[in-house]
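Let's take a friendly walk through a protein model, one feature after another. Have the sequence to hand as you read.

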Amino acid sequence: MIARLEDNFYNLYSDDQTLVGQIKIDDNFIETEIFINDRIYNIKRDKLASVVLENDKVKVNLNQKSNFGAIEISGSGHKIKGISSYKGGTKLVDNQNKTLVKINNEDIIFDKKNYVIDVLDKKVDELEILLVLYAHLQGSALKNKLAFFVGVFIAVAVSTILSRIM
C-alpha cells in the first residue's frame with residue numbers, strides 16, 4: 001500500500017491503486033477526520049489521549065504515556081510504536097510485539113509526503129491502518145518541530161560562543 005498527500009488529504013491506496021481511505025488533519029492534530037467508503041471517523045485529541053468517534057459514538061480510545069511513547073488502541077491489544085532505526089517509521093504491533101503494519105517515508109532524507117505501508121497481517125482493518133498513518137504523521141510533525149528548536153538552540157549557542165571569541 002502507499003499513501004500520499006493530495007489536495008489536503010492523505011490518501012491511502014491499495015497495491016492496485018484503489019482508494020482505501022483518506023485522512024484530513026488540522027494543523028495541530030486536535031481534530032482529524034478519517035474517511036473509509038461512506039464512513040466518517042473523527043479523532044479528537046486532548047494532550048496524550050485521543051478518542052475516535054463514529055456518528056458521535058466512541059469507536060476506540062488512543063492512549064499515550066509520553067509524546068514519544070507507544071499509543072495503545074483500546075480493546076484491540078494493539079499498540080502503535082516508532083521504529084528504532086535510521087529509517088524511522090511507525091509500526092502496529094500485537095500483544096506479543098509481533099509487527100502487523102509498518103509505515104515509512106518513501107524518501108528517508110526528505111519528507112515528500114509519500115509513505116510506503118507494509119501490511120503484514122491481512123486481518124488488520126482499514127481503520128487501524130489509517131490510525132497508524134495518523135500516528136506516523138503526528139510523530140513526524142513533532143520530530144520536525146523538535147529538530148527546528150534544536151537547530152535554533154545550536155545556532156544561538158554557536159553565535160554566542162563566536163561573539164565571545166572575537
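The sections below go from the overall layout to strand pairs, a cavity, some single residues and a pair of rings.

## Overall layout

What you have in front of you is a predicted model. How many helices and strands does the protein have? There is one helix, along with 12 strands. If you follow the chain from its start, the order of elements is β-β-β-β-β-β-β-β-β-β-β-β-α, with the helix coming after the strands.

Of the 166 residues in the protein, 36% are buried. As for contacts between residues with a separation of 6 or more, 28% of them join residues that lie 24 or more positions apart.

## Two hairpins in a row

Start with strand β3, which covers residues 19-25, and strand β4, which covers residues 31-36. These two pair in the antiparallel sense, and four bridges link them. Ile23 has Ile34 of β4 standing opposite. Five residues separate β3 from β4 in this hairpin, and one residue of the turn, Phe29, has a positive phi of about 60°.

Strand β4 also pairs with strand β5 (residues 39-46), again in the antiparallel sense, and here there are six bridges. Across this pairing, Phe35 stands opposite Ile40 in β5. The hairpin made by β4 and β5 has two residues between its strands. In that turn, Asn37 has a positive phi of about 55°.

## A cavity and its lining

Where is empty space left inside a protein? Rolling a probe the size of a water molecule over the atoms shows this. For this model, the count comes to one cavity of 30 Å³ or more. The largest cavity holds about 50 Å³ of space.

Which residues line the largest cavity? They are Arg45, Lys47, Leu48, Ser50, Leu62, Gln64, Ile71, Tyr134 and Gln138. Two elements, β7 (57-64) and α1 (126-165), give two or more residues each to this lining. Sorted by class, the lining has four nonpolar residues, three polar ones and two charged ones.

## Ser50 and Lys44

Ser50, one of the residues lining the largest cavity, lies in strand β6 (residues 49-54). Is Ser50 buried or exposed? Its relative accessible area is 9%, and since buried means under 20%, Ser50 counts as buried. Setting aside neighbours within four places in sequence, Ser50 is in contact with Ile43, Lys44, Arg45, Val60, Asn61, Leu62 and Tyr134.

Lys44, which appears among those contacts of Ser50, lies in strand β5. At 35% relative accessibility, Lys44 is partly exposed. Beyond residues up to four places away in sequence, Lys44 touches Ile30, Glu31, Ala49, Ser50, Val51 and Leu53. The C-alpha atoms of Lys44 and Thr32 are 6.7 Å apart in space, although the two residues are 12 residues apart in sequence.

## Two loop residues with positive phi

Asp7 sits in the loop between β1 (2-6) and β2. Its phi is near 50°, a positive value in a residue other than glycine. Asp7 is exposed, because its relative accessibility is 70% and the exposed class begins over 50%.

Asp56 is found in the loop between β6 and β7. Though not a glycine, Asp56 has a positive phi of about 65°. With 71% relative accessibility, Asp56 counts as exposed.

## A tilted pair of tyrosines

A pair of aromatic rings is described by the distance of the centres and the angle of the planes. In the whole structure, a search finds two aromatic pairs. One of these pairs is formed by Tyr10 and Tyr115, whose ring centres are 6.2 Å apart. Why is the pair called tilted? The planes of Tyr10 and Tyr115 meet at 50°, which is neither under 30 degrees, as for stacked rings, nor over 60, as for edge-to-face ones, so the pair counts as tilted.

Tyr10 belongs to strand β2 (residues 9-13), whereas Tyr115 belongs to strand β12 (residues 114-119). The pair therefore ties together parts that are 105 residues apart in sequence. Both Tyr10 and Tyr115 are buried.

How values were computed:
Residues numbered from 1 in each chain as written. Predicted model: local features only at pLDDT ≥ 70, side-chain atom pairs only at ≥ 80, totals over all residues. Heavy atoms only, no water. Phe/Tyr/Trp six-rings, centres within 6.5 Å; stacked < 30°, edge-to-face > 60°. Buried < 20%, exposed > 50% of the residue type's maximum accessible area, 1.4 Å probe, protein only. 1 Å grid on protein atoms, 1.4 Å probe; cavity = no way out; pocket = protein on both sides within 12 Å on 5 of 7 lines; lining within 4 Å. Points joined across faces, edges and corners; volume = space filled by probe spheres on them. Nonpolar A, V, L, I, M, F, W, Y, C, P; charged D, E, K, R; others polar. Pairing = 2+ DSSP bridges. Contact = heavy atoms within 4.5 Å.
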